[in-house]
Amino acid sequence: MILKALLRRTPFWRPLLHNGLWRLPPALARVGGRGQVLLSFDDGPTEASLAISRILEAHGARGLFCLVGQGLPRDAAAPSPKEARALALVKELQRGGHALAVHGLDHGRLGLRAPRRVTRELAEAAHRLEEATGLRPFFQRPPYGHWMPWLGRASRRAGLLPLFWSLNALDYRATRAADIVEPVLALVRAGDILLLHCSGPGQEHTRAALPQILEGLRAKGLQVLDPGALLESLHA
Ligand SMILES: [Zn+2]
């Protein structure tokens with residue numbers, strides 16, 4: 001159990017670094033409290049994003065989807081055929097009441113890139129998401145959580161706040177749903193931001209695990225935080 005927790009728990013210094021040093025709101029690596037957990041899903045928009053959103057909706061829950069921008073059109077009125085599908089998926093997520101965030105323009109490691117480039121790319125991804133939804137995104141989640149302290153300003157210049165996670169489901173390593181469900185339900189606690197994925201290996205296990213996670217959270221007295229409400233409280 002200790003090893004599992006070490007693997008999945010975000011290192012203690014990460015929220016300190018991003019909350020403390022850069023004086024950003026305390027929504028960066030933990031949220032809510034009062035028995036709430038935020039479910040976040042990286043790497044969409046994919047067909048799996050849509051399937052996941054439907055599972056959440058069937059359980060009365062909403063998620064935060066962190067989306068890669070490059071598959072979305074620069075101009076939502078003139079998408080290529082491939083972009084049109086990505087655009088439709090994003091609109092479906094929005095229609096389902098889920099919140100959307102930037103997961104980079106591509107899936108590269110931002111910490112290896114110059115701050116100006118990071119600002120440019122995040123702004124471009126935010127623009128494409130705003131084109132698709134009519135809403136300016138508020139959060140960005142760096143791919144792999146790869147980050148450097150000096151990128152705090154680069155992100156703010158793009159009008160985005162970095163959002164990490166506190167509990168990684170490691171669903172991309174799962175070979176069965178139980179690999180996800182059991183450690184998540186053993187480790188989860190109020191205020192956690194749980195990281196799951198909409199693509200990659202283990203995807204079908206994520207979908208199979210999700211109803212069990214939702215039911216398990218309820219059995220533990222934890223509620224799934226509505227990220228739309230979180231965004232409203234941050235804007236207030
Ligand atoms: Zn990712």
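At what angle do the axes of helix 3 and helix 8 cross? In this predicted model, the axes of helix 3 (residues 47–58) and helix 8 (residues 203–219) cross at roughly 5° and come within 10 Å. Angles under 35 degrees count as roughly parallel, so helix 3 and helix 8 run roughly parallel to each other. On the helix 3 side, the contact is built from A48, A51, I52 and I55, while helix 8 brings in Q203, R207, L210 and P211. Sorted by character, the residues of this contact between helix 3 and helix 8 come out as six nonpolar, one polar and one charged.

Zooming out, the chain's secondary structure adds up to nine helices and eight strands. Of the 236 residues in the chain, 45% are buried. As for how the chain folds back on itself, take the contacts between residues at least 6 apart in sequence: 76% of these join residues at least 24 apart.

Then there is the stretch around strand 3. Strand 2 (residues 64–67) pairs with strand 3 (residues 99–102) in the parallel sense, and the pairing runs over four bridges. C66, for its part, has A101 of strand 3 as its bridge partner. Strand 2 and strand 3 also belong to a right-handed β-α-β unit, with helix 4 (residues 81–95) as its helical part. Strand 3 turns out to be covered on both faces. A99 and A101 sit on one side, L100 and V102 on the other, and all of them are buried. A101 thus shows up twice here: as the bridge partner of C66, and among the buried residues of strand 3.

How values were computed: Residues are numbered from 1 along each chain as its sequence is written. This is a predicted model: local features need pLDDT of at least 70, side-chain atom pairs count only at pLDDT 80 or more; totals for chains, interfaces and linings use all residues. Axes are lines fitted to C-alpha atoms, for helices over the stretch in contact, and angles run from 0 to 180 degrees between N-to-C directions. Helices (H or I, at least four residues) and strands (E, at least two) are DSSP runs, numbered from the N terminus. Angles under 35 degrees count as roughly parallel, over 145 as roughly antiparallel, 65 to 115 as roughly perpendicular and the rest as oblique. Two residues are in contact if their C-beta atoms, placed from the backbone, lie within 7 Å. Ala, Val, Leu, Ile, Met, Phe, Trp, Tyr, Cys and Pro count as nonpolar, Asp, Glu, Lys and Arg as charged, and the others, Gly among them, as polar. A residue is buried if 20 or more other C-beta atoms lie within 10 Å of its own, exposed if 12 or fewer, and partly exposed in between; C-beta atoms are placed from the backbone. Two strands pair if DSSP finds at least two bridges between them. A crossover is right-handed if, with the strands pointing away from the viewer, the path from the first strand over the helix to the second runs clockwise.
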